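Student: I have a model open and would like to reason through it with you. Shall we take it one question at a time?

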Amino acid sequence: MSSMNRRRRSGSEPMTARSALRARTAFATVGLVVGVALAVACAVWGDRSPGGGAAAWTLVALGAVVALVSAADLWALRRRLRR
């Protein structure tokens, strides 16, 4: 197949193309808020529970990971949207 055939567009892609960046930004924002809230709530719970609450600290770590991944995604989206 020649390179000319691959570059030729068919249909109305430019007219109907949609970007998923807004949805991805919304999901990352929700993930950031939920991750931070989970980490804070479980840290308070773990601090107040007798014996330290190992399950609570595991959930703190999980919330922190979710928040960090969401923050990294938002950072990447911000750089992409600037272009």
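Student: Which residues does Ser70 touch, not counting residues up to four places away in sequence?

Tutor: Good place to start, and keep in mind that this is a predicted model. Ser70 sits in helix α4. Leaving out residues up to four places away in sequence, its contacts are Ala28, Gly31 and Leu32.

Student: Is Ser70 buried or exposed?

Tutor: The cut-off for buried is under 20% relative accessible area. Ser70 has a relative accessible area of 9%, so Ser70 is buried.

Student: Against which helix do the buried residues of α3 pack?

Tutor: Let's begin with the buried residues of α3, which are Leu21, Ala28, Gly31, Gly35, Ala39, Cys42 and Gly46. Two names here, Ala28 and Gly31, also turn up among the contacts of Ser70, and Ser70 belongs to helix α4. The helix that the buried residues of α3 pack against is α4.

Student: How far apart are the end C-alpha atoms of helix α3?

Tutor: Helix α3 covers residues 21-48, which is 28 residues. At 1.5 Å a residue, α3 should span 40 Å. The model agrees, because the end C-alpha atoms are apart by 40 Å.

Student: Which helix gives the largest share of the nonpolar patch?

Tutor: The patch is made by Trp45, Leu59, Leu62 and Val66, with an area of about 350 Å². One of these, Leu62, is found in helix α4, and Leu62 counts as partly exposed at 47% relative accessibility. The largest share, 3 residues, comes from helix α4.

Note on methods. Residues numbered from 1 in each chain as written. Predicted model: local features only at pLDDT ≥ 70, side-chain atom pairs only at ≥ 80, totals over all residues. Heavy atoms only, no water. Patch = residues over 30% accessible without salt bridge, like charges linked within 9 Å, V, L, I, M, F, W, Y side chains within 5 Å. Areas by Shrake-Rupley, 256 points an atom, 1.4 Å probe, with all protein chains shown as cover. Salt bridge = Lys/Arg side-chain N within 4 Å of Asp/Glu carboxyl O. Helix = DSSP H or I, 4+ residues; strand = E, 2+ residues; numbered from the N terminus. Buried < 20%, exposed > 50% of the residue type's maximum accessible area, 1.4 Å probe, protein only. Expected span 1.5 Å × (residues − 1). Contact = heavy atoms within 4.5 Å.
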